[in-house]
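Trainee: I should like to understand how the terms used for a structure follow from their definitions. May we go through some of them?

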Amino acid sequence: MTYIKPKFAHPRLPKNNLGYTRKEYEGSLSTLCAGCGHDSISAAIVDACFELNIEPHRVAKMSGIGCSSKTPAYFLSNSHGFNAVHGRMPSVTTGANLANRSMIYLGVSGDGDTASIGMGQFAHVVRRNLNMTYIVMNNGCYGLTKGQDSATADYGSISKSGNMNSFEGIDLCALAIELGATYVAQSFSGDKGQLIPLIKAALSHSGFSLINVVSPCVTFNNNPGSTKSYDYVREHNEALSSLDFVPVKEEIITDYDHSKVKMVELHDGSMIKLHKLSPEWDPENKLSIMTALHHAREKHEILTGLLYIDNESIELNELLNTTQTPLNLLTEKELCPGSAVLDKICAELR
Amino acid sequence: MSRVNDFVVRFANVNGTGSASANYLFAKSIFRMGVPVSAKNIFPSNIQGLPTWYEVRVSEKGYLGRKAGIDIMVCVNPQSMKKDIASVRSGGYFLYDSTKTLHDEFLRDDIQFIGVPIMDICNREFTDPRQKQLFKNIVYVGALSQLLNIEVNVIESLFGDQFKGKEKLIAPNMKAFQLGREFIKDNFNYPLEFYVERRDLVKDSIMIDGNAAAGLGAVYGGASVVAWYPITPSTSLVSSFEEYARKLRIDPVSGKNNFSIVQAEDELAAIGMAIGANWNGARSFTATSGPGISLMSEFLGLAYYAEIPVVLVDVQRSGPSTGMPTRTQQSDILSTAYASHGDTKHVLLIPSTPTECFTMMADAFDYAEELQTPVIMLTDLDLGMNEHMTEPFHWDDTRIYNRGKVLTAEQLDSLPEWGRYKDMDGDGIPYRTIPGTHPSKGSYFTRGSSHDENAAYSEDSATYVRIMDRLLRKLETAKKMIPTPQFYQSGKNSDTAIIFYGTSMHAAEEAIDILKNEGTSIDAMRLKSFPFCDEVGEFIDRYEKVFVIEQNRDAQMRALLINELEIHPKKLIKVLNYDGTPITADFILKNIHQSLLQPIN
């Protein structure tokens, strides 16, 4: 069932530059379990889009199959949504993006949808640098089918039924960086303060943005011994940086400590102001982040924050040299070469 | 009996040696002499070093189907020589490279051997090692042209076309060609008792393969996003689209592409991309073959149920599994008509010629968008990869693409209410919106899960049944839209008829002709699409016995006719060629004769 929220809103709700209130960015009432981490991520998406002054209808919400893939119903109800088949959201998003490069593509997926059945498509959408934001709501288990381990469950994690996972967990962030992702971040559904600016920066980045959000499953994977439980993640969360997103046109303070703060300019002119918490790490250096991720794994830490960014990123439509006009706006005039050309082609075939 | 313009030549080559273009030169020269010709490549699933054959049928009567019985075999492949000699019809000829002598045990008394020392000639006359190899092919074309009365200036002009911009290659090619001719003049009687004589029979026909025609059709039909995964025999279709698009679809001001092509990671992604692009309002297609259809099935079910237009071409090859990837078949009828789990049914278009490949491909985008459902064009390797003589393509410059029921922002504002899956017009086709159209109206959630008329998730039984029944209603509308069958009426009161489709057309038409000359009149119907329109059932009802000619083992079209039209199975007689080679008129006749001798129960 999809529940419809009441339309009533307080008349003095704050409005953004477009004159929209936060209500205009919400969706229908969630049907996920009470306390599900995914709902916090949906709320962060609503806040990020509201604050970024995004027109909701300029966003396409893409998803696959699973608990996470249901969430597009719970945010941005004025956006078109697409619930693809299991693990195949990336290909549908690729086609949609090629058809209209001017829209914002926001994909949400889960760990099963991404790291198991959808691993192939995930790998290839990363290496194509499709201009999209890809949020993984990662809870280490299959919720809809009652809690089986997923491919991102950490080795040694204990499931609700008491079994230890004896397979290596897939680190989606490390994998994405290896495959050429141009924006990679990791966060925790319980840390909205960190998550919102990460989403804003991802939406502003031109190219493939991955945000892997550890999002505990309260029903099947929140037990002692699980490495994806609220308690475990809070205890082992190690922020690499804190981040402020500075929108276009906002005055940038130039007086800051360069050893601790790094400014990264995005394609659209907005800025990321990063407060580095680790001196060895540089967000534009692949090697430093891969090393940091390996060290963190050894220490059972979960590195969060912006991990990697390549602001020289060239997204897929640029790589393909596609015209700036969205292809879905082209008409017979641009698309059809006409009868005279056809007659000439036929003459050459005689 | 006159054998002018009526014979079959088969070439036996090693693949990867440049023989294909020489063989095509031979076929094209006959076409340029105004005589109908059909050429078929019979090649291995291999890059280099294995036997490959090329068959050219010359037919004054314009029969373009394959014909069994080889009149002259041109063999430059020692690997297959024994088999090749055995395959020549009694009284035929065997032209070979006599640089090495033939094994005695290969010799036959009932055929004539024409030995041309091809390798010797090339080694003597050319110094460049590459030319020594490549010109072997041109030498035998020269020899053949002398034996068959092919005009020298026709070959010369074909070289002129082939080497436009590289004119210095014309002279050595002509030299090799003349060397072949001279050798025949000096050593053999010519012409043979069958030969080519100039006619005016091809009119304004063109020669092109079905894949190239379909690729061009997609350019004309307005496809702007193409996603694909390489697979024989469909690969050249997308290559053709790309080649034409790079010439015809570049924005004159910016120099940028008015199209996007992505080579996907697999067939699942290829159809996923095509669906995503169509959902977002661009015309998009993918092309594949049997194994790809299996992989795309889940997505086809989504597109059917969520009502997203998409165009798919299946260039069929011999299955099951990997099967014979370079051999032809019509064996994906059922797997495409009912692709995907659950109750699904898809629109199929079945062309028989490259001209129909062009037309149907362009039209497929209109059908898909009008019907908001997958449209699958079913060709096969024979049609897709062989060059066929076919009618020229035409385009009406006043034609506007029919984009179907797509609501604009203004329409959304003026509508009192809108539901994505509401049947407003009674034709089973709802109205859709393209993402980004309106700030606050028209958004909906596209899903493969059960939904109501407003696209909301629903597990309500009555709602589910309503939507599923409407989808059937939509297919009824499709029947009135897609191409109707072609009928062949003998004018006599025949109680027997034949049904065929796709590349069986040429052989079937020839068989009908031969039967007519024998005094047996037979009516016929060529199917061009699915779901079957009313005329299909009405046609079958008029006859006692109907032969269904197909190129698969399991009589798949027959099964589809029986299932969809509730025809008594005994009435439909199977004529099935499924050995991977294109069907022949002789094969059809043999089967019909056998069956007609038996009384009808």
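Mentor: The answers below set values against definitions. This is a predicted model, in which local features need pLDDT of at least 70 and side-chain atom pairs count only at pLDDT 80 or more, while totals for chains, interfaces and linings use all residues. Residues are numbered from 1 along each chain as its sequence is written, and chains are lettered from A and ligands numbered from 1 in the order in which they are written.

Trainee: Why is B:L201 called partly exposed?

Mentor: A residue is buried if 20 or more other C-beta atoms, placed from the backbone, lie within 10 Å of its own, exposed if 12 or fewer, and partly exposed in between. B:L201 has 18 such atoms within 10 Å, and is therefore partly exposed.

Trainee: Which residues is B:L201 in contact with, leaving aside its neighbours within four places in sequence?

Mentor: They are B:G34, B:V35, B:P36 and B:G62; contact requires C-beta atoms, placed from the backbone, within 7 Å. The C-alpha atoms of B:L201 and B:P36 are separated by 6.6 Å, although the two residues are 165 apart along the chain.

Trainee: What makes β2 of chain A and β17(B) a pair?

Mentor: Strands (DSSP runs of E, at least two residues, numbered from the N terminus) pair if DSSP finds at least two bridges between them. These strands have 3 bridges, in the parallel sense, and therefore satisfy the definition. A:N83 has B:R447 as its bridge partner in β17(B).

Trainee: How many residues of each chain are in contact with the other?

Mentor: In chain B 58 residues are in contact with 49 residues of chain A.

How values were computed
Two residues are in contact if their C-beta atoms, placed from the backbone, lie within 7 Å. Helices (H or I, at least four residues) and strands (E, at least two) are DSSP runs, numbered from the N terminus.
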